Amino acid sequence: MSGERYNPREMEPKWQQVWADAKSFVTSNDDPREPYYVLEMFPYPSGRIHMGHVRNYSMGDVVARYYRAKGRNVLHPMGWDAFGLPAENAAIERKTHPGTWTRQNIEAMKAQLQSMGLSIDWTREIATCEPEYYQHQQSMFIDMMEAGLVTRKQSKVNWDPVDMTVLANEQVIDGRGWRSGALVEQRDLTQWFFKISDMAEELLEGLDGLTEWPEKVRTMQRNWIGKSQGLAFEFGLKGAPAGFDTLPVYTTRADTMRGPTFAAIAADHPLARALGEGNPAIAEFNAQCMRMGTSEAAIEQAEKLGYDTGIKVTHPADPSWELPLFIANFVLMDYGTGAVIGCPAHDQRDLDFARKYDLPVIDVFKPLDSDEPVGDTAFVPLKTQKVRYVQWFGEPGAEITCQEAMDQTLALFEKNGWGKAQAQYRLRDWGVSRQRYWGCPIPVIHCEVCGTIPVPKKNLPVVLPEDVTFDKPGNALDHHPTWKHVNCPQCGASARRETDTMDTFVDSSWYFARFTAPHAETPTEPTVADHWLPVDQYIGGVEHAILHLLYSRYFTRAMKATGHIGIDEPFKGLFTQGMVTHETYKSPKGDWVAPVDVLLETIGEDRKAKHLQSGEPITIGSVEKMSKSKKNVVDPDEIVATYGADTARWFMLSDSPPERDVQWTEAGVEGASRFQQRVWRLVGETIELIQQSADTAREAADQEAQALRKSVHRAVHNVASDIEGLRFNRAVAQIYELTNALVRSAGLVAASPATRIAALEEGVGSLVQLIAPMMPHLAETCWSALGKPGLVADAAWPEVDPALLVDDEITLPIQVNGKRRAEIVVSKGLAAAEVEQRVLSLDEIARILDGKPVKKIVVVPDRIVNVVV
RNA sequence: GCGGGCGUGGUGGAAUGGUAGACACACCGGACUUAAAAUCCGGAGGGAGUAUUCCCGUGCGGGUUCGAGUCCCGCCGCCCGCACCA
């Protein structure tokens with residue numbers, strides 16, 4: 001067998017079948033071993049898996065298989081985030097029902113995932129589009145309504161006035177509807193909300209406990225929640241319509257209250273609307289402000305526009321101080337009170353606005369070392385920076401930090417009754433209404449007599465009708481001829497079903513809990529959920545750093561409040577992996593060319609490309625995230641067919657740090673494939689050596705054997721800690737090093753089999769176990785060839801002998817003035833004084849010192865020596 | 001625009017504030033072969049030198065430190081998120 005190449009196409013399906021037959025990865029809730037829950041973000045069933053999935057699921061599988069080897073009862077499930085817009089788009093484009101399209105996609109993708117050899121418990125598979133799943137979501141929605149966690153209120157949507165439909169943000173391109181091309185308008189709709197802002201403080205505080213989350217994700221969530229401490233006050237109004245006596249405002253910069261030169265309100269502020277009613281010019285300006293998408297990025301990047309209302313606001317500290325009131329397109333009604341003070345000197349946006357409308361600029365404070373007034377760049381120092389206050393409510397000329405000035409101003413305003421200190425959050429309530437068919441129906445009935453009432457739980461699920469058409473734009477559920485007509489469950493009068501469906505973020509906010517009891521008749525089995533949760537290790541893309549993860553944290557608390565779960569935080573450990581990128585290629589005509597159609601040649605250091613079929617020269621472009629539009633995608637199916645799943649998995653784990661982007665290259669895959677063969681050859685060679693030395697004593701060992709055992713145990717130790725720390729690329733590097741040592745050692749065994757064969761045999765056995773989480777099929781094949789009992793998937797992680805991890809001699813680098821000049825070998829823990837003496841007696845050091853006096857010697861024990869002259 | 005991140009040889013990258021470039025890919029040389037592939041052995045950040053060796057070097061500019069890829073300040077470039085894509 002030693003001469004044969006390893007054939008993944010033959011072995012991979014074989015082992016997949018063996019694992020399936022043995023139910024190797026089916027997890028029992030009753031298993032007494034310590035539980036470990038590893039979860040990768042479940043995929044949207046787009047039809048085919050992509051390399052990003054391969055990377056994500058390879059990482060999760062390493063973790064799952066590793067902890068299984070460490071004796072944990074591992075839960076590693078998989079499901080489908082199956083509701084959402086693309087299914088409706090497909091329905092329009094291909095005339096297939098969203099359900100049919102989605103279920104076909106799930107079948108296809110499941111087969112692809114299975115060909116990867118993932119250690120997934122498929123008996124727990126769920127799809128969010130099935131009533132078996134979403135009925136529980138409806139039932140929890142009702143529980144949450146009854147617990148006061150849900151509300152209905154007005155909120156803005158993107159409205160396409162031609163298609164007469166609501167658009168998602170991604171369907172708005174440059175302010176226009178993607179199909180109609182019409183200018184999009186903001187329109188108010190009454191919608192359903194989860195009151196997440198009530199929980200802002202708790203969600204913020206909870207972040208401190210998430211110590212196994214990346215710091216950047218916690219920072220992003222903190223900023224998203226956006227707690228600020230500021231001043232709430234009221235401007236007086238002069239010349240405003242009846243009923244508008246004061247204008248409530250909130251500012252985070254109380255220290256600048258001597259600096260405002262204007263005030264501004266949002267175009268949909270009640271005052272702006274009232275003004276518009278009596279003034280066509282204002283009405284037109286307001287309408288113009290509403291003619292853009294609802295996305296914050298679009299609003300903030302739009303040109304700053306204002307309209308001077310002619311109304312004056314009066315300052316709370318001095319009613320004789322009047323400022324003009326503008327309506328401005330960059331003021332958001334959703335944040336604070338929908339009104340702002342404009343302090344141009346210390347806010348760039350306000351400064352741009354002031355310059356454009358020729359408003360005065362008042363410097364409130366200046367840098368300590370300058371008296372220059374603000375020009376075209378606002379002076380916005382850190383709150384902890386000391387500045388000199390020239391125009392404020394405290395001591396003139398005070399040199400203090402902005403924070404100190406804010407605190408003093410807040411105290412003064414509170415004392416004089418001019419305003420009050422207030423905490424404010426940026427976080428808005430979670431709007432869950434979607435005017436779409438392919439989502440979980442909101443289980444509510446609108447009755448003219450009884451009002452808006454939940455569907456009685458005995459009538460759940462509210463199932464989506466199958467017979468829908470997509471021949472006109474808009475909500476197919478709303479267009480259905482009969483579905484929405486029901487009798488009121490309370491009074492029996494004819495009533496109307498809610499035709500909004502839920503945001504798909506709701507579906508993904510509790511699936512991790514459903515996996516713990518996927519067939520339960522209630523949303524969860526609370527004791528089982530609490531047994532498994534929180535998820536020990538959650539793995540997915542950074543793009544979910546805020547919304548999905550914050551909503552899941554909220555929903556878990558809401559589930560706790562309604563008795564479905566006993567925990568607050570769903571994910572104990574979080575890991576965000578980077579994207580998969582690839583070079584881009586362009587033809588002479590400028591069209592994108594797919595990698596499969598490109599032939600790459602390397603001549604010396606030059607890389608050239610030409611078209612595989614036509615032979616025309618191809619330009620190699622930048623490395624970018626794989627996307628269909630740039631055609632720089634590689635199909636996992638083709639990779640698995642050519643190289644096998646293990647190679648694809650190995651390559652995705654090697655080289656690049658998992659949190660960073662990884663570049664897919666043909667050369668890299670081939671390298672991974674060669675390594676697979678190298679391991680297989682090593683195993684074959686080892687088996688031959690074992691057979692030849694069958695009669696020799698196995699316990700003997702010489703120095704070579706001892707050195708090998710050290711590398712083996714060190715590798716086992718390091719790979720384990722690298723996997724636990726999710727440093728897969730370093731684990732791979734350790735395995736490469738061990739393999740190199742084993743190959744070298746195999747060559748030496750022939751010279752002295754009696755003393756070395758045992759060490760080699762042990763080392764190769766350990767190597768197979770180290771690669772098992774990453775290349776499980778190859779590992780099983782080697783394991784069985786080596787004659788080991790059972791499956792490597794069931795084998796316990798190899799034990800490490802701690803005595804083999806310590807070195808008694810250390811190579812100490814010696815620096816002179818921070819530059820490395822020599823090194824000495826010392827015994828571990830040698831006293832600093834002795835090290836100093838030995839260093840100074842070195843010829844190289846004496847030569848470099850050249851008689852100059854030594855100022856000081858820094859000795860870091862067992863690490864480094866620095867001689868300062 | 002706002003928030004977050006990243007930047008190290010030809011390439012992917014390694015490096016608790018302590019020998020910059022581990023490990024791998026690509027490349028070059030050698031062995032094996034009729035030959036090629038595969039495999040095995042060796043070389044290699046850049047520059048100078050036969051060589052001992054020396055100088056330069058972690059996007060750019062400053063700073064802290066005995067010592068900075070790592071910490072601080074200011075730039076530049078790229079990427080992600082911005083609440084109805086998932």
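Leaving aside its neighbours within four places in sequence, which residues is Gln138 in contact with?

**View 1. Surroundings of Gln138 in helix α5 of the predicted model.** Gln138 has its place in α5, the helix that spans residues 131–146, and with a relative accessible area of 0% it is buried, because the cut-off for that term is under 20%. Beyond the neighbours within four places in sequence, Gln138 is in contact with Cys440, Pro441, Pro443, Leu460, Pro461, Val462 and Met502.

**View 2. The buried face of helix α11.** Within α11, which covers residues 348–356, Asp350, Leu351, Phe353 and Ala354 are buried. Seen down the helix axis, the buried residues of α11 fall within an arc of 165°, and they therefore line one face of the helix. An α-helix has 3.6 residues a turn, so residues three or four places apart point the same way. The strands against which the buried residues of α11 pack are β12 (262–265), β13 (306–315), β14 (318–328) and β15 (339–342).

**View 3. The two ends of helix α11.** At the N-terminal end, α11 is capped by Asp347, a side-chain oxygen of which lies 2.9 Å from the backbone nitrogen of Arg349. Just after the helix, Asp358 takes a positive phi of about 60°.

**View 4. Leu547 in helix α17 and its contacts.** Leu547 is found in α17, which comprises residues 547–561, and is partly exposed, its relative accessible area being 30%. When neighbours within four places in sequence are left aside, the residues in contact with Leu547 are Trp224 and Phe505. Although Leu547 and Trp224 are 323 residues apart in sequence, their C-alpha atoms are 9.3 Å apart in space.

Note on methods: Residues numbered from 1 in each chain as written. Chains lettered and ligands numbered in written order. Predicted model: local features only at pLDDT ≥ 70, side-chain atom pairs only at ≥ 80, totals over all residues. Heavy atoms only, no water. Helix = DSSP H or I, 4+ residues; strand = E, 2+ residues; numbered from the N terminus. Buried < 20%, exposed > 50% of the residue type's maximum accessible area, 1.4 Å probe, protein only. Contact = heavy atoms within 4.5 Å. Arc of directions from axis to C-beta. Polar contact = N/O pair within 3.5 Å; in protein donor to acceptor, adjacent residues only side chain to side chain.
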